[in-house]
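Student: Please take a close look at one part of this chain with me. I am new to this, so I would like to go through it step by step.

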Amino acid sequence: MKKKFLALALAATMVASLFAGCGKAAGSDNKVGVAMPTKDLQRWNQDGSNMQKELEAKGYKVDLQYASNDIATQVSQIENMINSGCKVLVIASIDGDSLGTVLEQAKEKGIKVIAYDRLIMNSDAVSYYATFDNYMVGTKQGEYIKNSLALDTAEGPFNIEIITGDPGDNNARFFYGGAMDVLQPYIDNGKLVVKSGQIDFATVATANWSTENAQNRFDAIISANYADGTQLDAVLASNDSTAMGVTNSLEANYTGAWPLITGQDCDVANVKNMIAGKQSMSIFKDTRTLAVKTVEMVDAILKGTDAPVNDTKTYDNGTGIIPSYLCEPVFADVNNYKELLIDSGYYKEADLQ
């Protein structure tokens, strides 16, 4: 009887161990790594938290990491995700050209990679790209300037300056390209004048999208071109952090009538500036929408099906076209921000006071 009891106990232990092992394997199959570039910009905090919330609601385990805008840190974080059993990586890169080596490790292990918002360049390990239509972001900024200044009918000329983002961020070129396709004809015919002469992408780019770098550059532009009271009519700023640098510089150094200033991301401080008349508009990219679409892609990959995409022609990362899902951006200004940002639940009204 005692032997029979011990045998049954041993069998129960083996079965329990077996199920525990199976549960562990299933858990590892559900692990998703999410690599964000930094917590310094409000939008990446929102992207990361939205992604984690949506993935966990689907039952996935999430390893969410922020890299403090340090490439070596992001590489190390991704290596840890690979080695800890993540089956899919969602990566918003700091520098799109700096992840090729570490992503080779992911490819060797059969781990799928989704480039998130920023296209990862020169790596055939990238399976998909999830972003907003970045060229459209630029065209909407350019069209806002065109329409606000009535460039087709007003006599002009109008003075404009240009500032875009990090040269290592492939998106910055799309933002710049979309806007300049709208504005360049008016520069060519003299309706728009860039008094600083700073027009080409390399010159107007801003390392790390830094507010401080943007402010320093605009301090020099204002000192050299607008300190005598010359009117600055518009600033094409590709995002809110560079727009904030422009605003800070204008407040410290500029005495003319306030210019039109564009932006992107609808950061709280910039929306407050918009309400106060210090920034004209900001492109609203609802990160909740992008998070949902990215989770749909992750879900499809882990279920062995094709991820949803709506663009297979635009984004070549140097190894070929990357199938992409593009969400559509809209612009917010003082006339519609309540509907877009408060009524939708993106912000509370108290956040903007």
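Tutor: Let's start with a term: two strands are said to pair if DSSP finds at least two bridges between them. With that in hand, we can look at an open sheet of six strands, whose order is β2-β1-β3-β4-β5-β11 with parallel pairing. Please keep in mind that this is a predicted model.

The edges of the sheet are β2 (61–66) and β11 (324–327), and each of these strands pairs on one side only. On average, neighbouring strands in the sheet are turned by 15° against each other, ignoring direction. In general, the strands of a sheet pair through backbone hydrogen bonds, and the pairing can be parallel or antiparallel.

Now zoom in on one pair. Strand β3 (residues 88–91) runs parallel to strand β4 (residues 112–116), and four bridges connect them. You can find one of these partnerships yourself: Val 90 has Ile 114 in β4 as its bridge partner.

Next, let's see what lies against the strands. Helix α2 lies across β1 (31–36), β2, β3 and β4, and runs at about 170° to β2. A useful residue to pick out in helix α2 (residues 42–57) is Asp 47. Is Asp 47 buried or exposed? Its relative accessible area is 0%, so Asp 47 is buried, given that buried means under 20%. Setting aside neighbours within four places in sequence, Asp 47 touches Met 36, Tyr 116, Thr 287 and Leu 290. Two of those names can be placed on the strands: Met 36 falls in β1 (31–36), and Tyr 116 falls in β4 (residues 112–116). The chain also brings together parts that are far apart in sequence: Asp 47 and Ala 291 are 244 residues apart along the chain, yet their C-alpha atoms are separated by 6.9 Å.

Let's move along the sheet to strand β5 (residues 126–132), where you will find Thr 131. Thr 131 has 0% relative accessibility, so this residue counts as buried too. Beyond its neighbours within four places in sequence, Thr 131 is in contact with Asp 117, Asn 171, Leu 290, Tyr 325, Leu 326 and Cys 327. Tyr 325, Leu 326 and Cys 327 lie within the edge strand β11 (324–327). Leu 290 is a name you have met before, as it is also in contact with Asp 47.

Thr 131 leads us on to a helix as well. Its side chain makes a polar contact of 3.2 Å with the side chain of Asn 134, and Asn 134 is among the buried residues of α5. Helix α5 (residues 134–148) has 15 residues and spans 21 Å from its first C-alpha to its last, close to the 21 Å expected at 1.5 Å a residue. Other buried residues in α5 include Val 137, Tyr 144 and Ile 145. The N-terminal end of α5 is capped by Asp 133, with a side-chain oxygen 3.4 Å from the backbone nitrogen of Tyr 135. Just after the helix, Ala 150 has a positive phi of about 50°. Further on, in the loop between α5 and β6 (158–163), comes Pro 157, which is joined to Gly 156 by a cis peptide bond with omega of about -5°. Most residues other than glycine have a negative phi, and most peptide bonds are trans.

Finally, follow another contact of Thr 131, the one to Asn 171. That residue belongs to helix α6 (residues 170–188), which has 19 residues and reaches 26 Å between its first and last C-alpha atoms, close to the 27 Å expected. Asp 169 caps the N-terminal end of α6, as one of its side-chain oxygens lies 2.9 Å from the backbone nitrogen of Asn 171. Further along, α6 bends by about 45° at Asp 181, and Pro 185 follows within four residues. Is α6 mostly covered or mostly uncovered? It is mostly covered, with 14 of its 19 residues buried. After the helix comes Gly 190, with a positive phi near 90°.

To step back, the sheet and helices we visited belong to a chain with twelve helices and twelve strands, and buried residues make up 53% of its 353 residues.

Note on methods: Residues are numbered from 1 along each chain as its sequence is written. This is a predicted model: local features need pLDDT of at least 70, side-chain atom pairs count only at pLDDT 80 or more; totals for chains, interfaces and linings use all residues. Side-chain values use heavy atoms; hydrogens and water are left out. Helices (H or I, at least four residues) and strands (E, at least two) are DSSP runs, numbered from the N terminus. The expected span of a helix is 1.5 Å times one less than its number of residues. The bend at a residue is the angle between axes fitted to the seven residues ending there and the seven starting there. Buried means under 20% relative accessible area, exposed over 50%, partly exposed in between (1.4 Å probe, protein chains only). A polar contact is a pair of N or O atoms within 3.5 Å; within protein, one must be able to donate a hydrogen and the other to accept it, and residues adjacent in sequence count only if both atoms are side-chain atoms. Contact means heavy atoms within 4.5 Å. Axes are lines fitted to C-alpha atoms, for helices over the stretch in contact, and angles run from 0 to 180 degrees between N-to-C directions.
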